[in-house]
Each structure stands twice: as C-alpha cells, then as structure tokens.
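I set out to record two items: how one short helix is packed, and how two chains meet. My entries follow the order in which I looked things up.

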Number of protein chains: 2
Amino acid sequence: MNAEKIPDIIITRLPVYLRALQHMADHGVKNTSSQELGEHVGISAAQIRKDISQFGEFGKQGTGYSIPYLLDKLREILKVDRLWDVIIVGAGDMGHALARYQGFTDRGFRVVMIFDNDPAKIGQQIGDLVVEDTANLAEKVQSSDIKIAMLTIPATVAQETTDKLVKAGIKAVLNYAPISLNVPNDVKVQYIDPATHLQKMTYYL
Amino acid sequence: MNAEKIPDIIITRLPVYLRALQHMADHGVKNTSSQELGEHVGISAAQIRKDISQFGEFGKQGTGYSIPYLLDKLREILKVDRLWDVIIVGAGDMGHALARYQGFTDRGFRVVMIFDNDPAKIGQQIGDLVVEDTANLAEKVQSSDIKIAMLTIPATVAQETTDKLVKAGIKAVLNYAPISLNVPNDVKVQYIDPATHLQKMTYYL
C-alpha cells in the first residue's frame, strides 16, 4: 500500500462505510458482505471491494468481512482510532448546535473550545464549554497544538479567520460559512452549506 | 444539450460556481474568466469551462463570462430561479439553527414548516414558524405539494421517517441524521454529517 497514491474519492467514501459498519455493529451484526454493505450505503459491491482492497486484504472470499476487524482497520486508516481536539469558531445558532452535538466523541472528535468576537457571547456557557474571545484564537490554537477547526461564522469574515487559523497551525477546516476558502496545499477544507446541498438536488426535480 | 446525459458530478459543482459568482456580483464584479472563477472555488479553469459548456455557450473567448448572465443561466439550470418550499423534520438544536438560518431565501429555498414528535416542542415558536406534530407530517406534505425535506432527527428514526416522507411525495432529502438512507431511484438524498466530513480530512493529517 502506498498511501500517497490512494485517490481522494476513495478516502471520501471510507467514513461512509465506517458509519454503516458501526451501525451494523451497534445492532449486533458480526459479519457482512460487500453486497450487504453496498445496500446500506447505496454504493455497488464491486466499488466497495475495490475501495477496501486498496488498503489490504481485509475480507475473505465466501465469508466476507468481519465487522469488528474492518471497523478497526478503517479507524486506523482514517486516523480516528484516537480522539482529535476540535475547535468551533462562531457561537451563533450553528456553533451552539455543534457544541452540543453528541455524535462526535464516538467518531474520533472532541470539541474543546468555542470562540466568538461578540462581547455578548464571550463568557457564555454552552454545555461544558465557555465561549472564548476570538482575539485569543491563534494563541490558543498554537499552544494547544490543535489541528482541526469548524467555522460557523459569516462568509464575510471566513477567509481572514481561516488565514489566522492556518497560520496558527490548523490543517483541517470544516467550513459552514457559504463561501469557498483559499488555503495552502497542506490544509484540507470540507464544506457544509445546506443551500448548496439543496441546489444539488433541485436540478433533478 | 441533453439533460439526461449530464454526469452527477458536474451537477454537484454548479452550486459552488453559482455561490462564487453571486459572491463576486455582491462585490460589484460584472465579468469573470474561468481562471478567476477557478481560483475562487479551487477547481481548474479547464474543468470549469468544460462543465459550463455542457449547457451551452455562455462565455466568450477573450472576454470570459458576464456574471449576471451566467448567474441567470445557472439558476435556471439548477431550477433555483424560483422559491422552493422546504420542511424541517426535527426541532432539536440543528432544526432550530436551520429554521433560523437566513441564507436560504436568496438561494431558492423557503422553510415553511418544522415538525417534531416531542410534546414539549410542539407549539414552540421558532422565528416565524410554529413546531407542528410529526403525526400530521404526511398529510401536510401532501396537501402542500412539498418536494424537499431537511431531516434533523436521530438516526434511529431517520429511515422510517424518510419512508413516510417519500410516500407523501418528497423527492429530495437533506439528511443531517448520521445514517445512509434507502430511497427509490427518483428520490435524491444529500448528506450533512459533520463527523463524516471531519473523517474525510483526518486521513491526511
């Protein structure tokens, strides 16, 4: 296996397989096939076999995949066999919702700080967190060696905030602001923009 | 142009172009090139030209694209030259955030109803909306001829709720529940799951 050579598109499918396998495991299922997994995720069995085989021989002809084993392997490949510290920038409605979201820790992430520049929000308690001043963002990110940020701020300030985050050492940004971000090649961005996602479907209506 | 033949992957990029072009228009820019647009969205100029040319000759060699014209064309192609009624199912933190989100109407969508099955939430006011009982979901969707739903409910009830929605006429689901949904071929699903999006990036860290 040569990690450098795995196409991005395959990497984007692995978390979907991981989630479906975890779902099966939660229901007590111990083994699965590429056919069954494919039905769960809406991807062909052949594609799943091809994707997974990029990383080694994790299944057996006839008996399929051991779910606990494949879960371990996928977590290892995706590096979520550990807990990543994540910050949220923006304590509006979406920032609140994310700060209170219970679905992160099981899947490799822990929200450790939330920031805002609004004096009315700084100091507010959200779950276990207290909203911190964005003025301290770079320093806190750097001193805590945090690599992942979720941006829930207005589009107008998203690029300048990203520039600061990248300078402070952030390498992965989950961007909820409805704007494309420019980042260096070694920084990854994923986009969550409900209007964009809806527009991907209206074409077909 | 044969709409049937445009690959899905191209359709998924159009809303990103649309968003960037709108951003430029908001800043008073009247014309752009595939190069400039490409820098905004992180996609090659050649890819952009190829994608857009699937739908007609919207640009001119040398002078590039008229932004207002291309905006009109993209909105028409994506069918967001109108306002789609959308419902939210699930009035938790995420449902609240979406119900209060200001970024929909400019981009073709209007949230018209929000539902929950929790008696403590039914009747609650969120912005201009009042949380309605999920028991009335199918009837309301059908009688209002609504085609688009956003699901912000737990994964455990997402499939059964989707089945009901599809039966009532929903053709597009934006799913925030962390689970893959099975739907008929004529129904589209887009997924927003922050943990999955984060896991697409940790591989590279």
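Before listing charged pairs, I fixed the criterion: a salt bridge is a side-chain nitrogen of Lys or Arg within 4 Å of a carboxyl oxygen of Asp or Glu. I note also that this is a predicted model.

**Entry 1: charged and polar pairs.** I looked up Arg19(A) and found that it forms a salt bridge with Asp193(B), with 2.7 Å between the closest N and O atoms. Between chain A and chain B I count six salt bridges. Across this interface, 21 residue pairs are in polar contact, both residues being at pLDDT 80 or more.

**Entry 2: the side of chain A that touches chain B.** The elements giving two or more residues to this side are α1, α2, α5, β8, β9, β10 and α8 of chain A. The largest share, nine residues, comes from α8(A). By type, the residues of this side divide into 36 nonpolar, 11 polar and 12 charged.

**Entry 3: extent of the interface.** I find 59 residues of chain A in contact with 59 residues of chain B. The area buried between the two chains is about 5,700 Å², and carbon and sulfur atoms give 65% of it. In chain A, Gln199(A), Tyr203(A) and Leu205(A) lose the most area to chain B, together 14% of what that side buries.

**Entry 4: helix α2(A).** Which residues of this helix are buried? In α2 (residues 34–41) of chain A, I list Ser34(A), Leu37(A), Gly38(A) and Val41(A) as buried. They lie on the same side of α2(A) because they cover an arc of only 105° around the axis. What covers them includes α1, β1, α3 and β3 of chain A. After α2(A) comes Gly42(A), whose phi is positive, near 70°.

Conventions:
Residues are numbered from 1 along each chain as its sequence is written. Chains are lettered from A and ligands numbered from 1 in the order in which they are written. Side-chain values use heavy atoms; hydrogens and water are left out. Buried means under 20% relative accessible area, exposed over 50%, partly exposed in between (1.4 Å probe, protein chains only). Helices (H or I, at least four residues) and strands (E, at least two) are DSSP runs, numbered from the N terminus. The arc is that of the directions from the helix axis to the C-beta atoms. Contact means heavy atoms within 4.5 Å. Buried area is the accessible area (1.4 Å probe) that two parts lose on being put together, summed over both. A polar contact is a pair of N or O atoms within 3.5 Å; within protein, one must be able to donate a hydrogen and the other to accept it, and residues adjacent in sequence count only if both atoms are side-chain atoms. Ala, Val, Leu, Ile, Met, Phe, Trp, Tyr, Cys and Pro count as nonpolar, Asp, Glu, Lys and Arg as charged, and the others, Gly among them, as polar.
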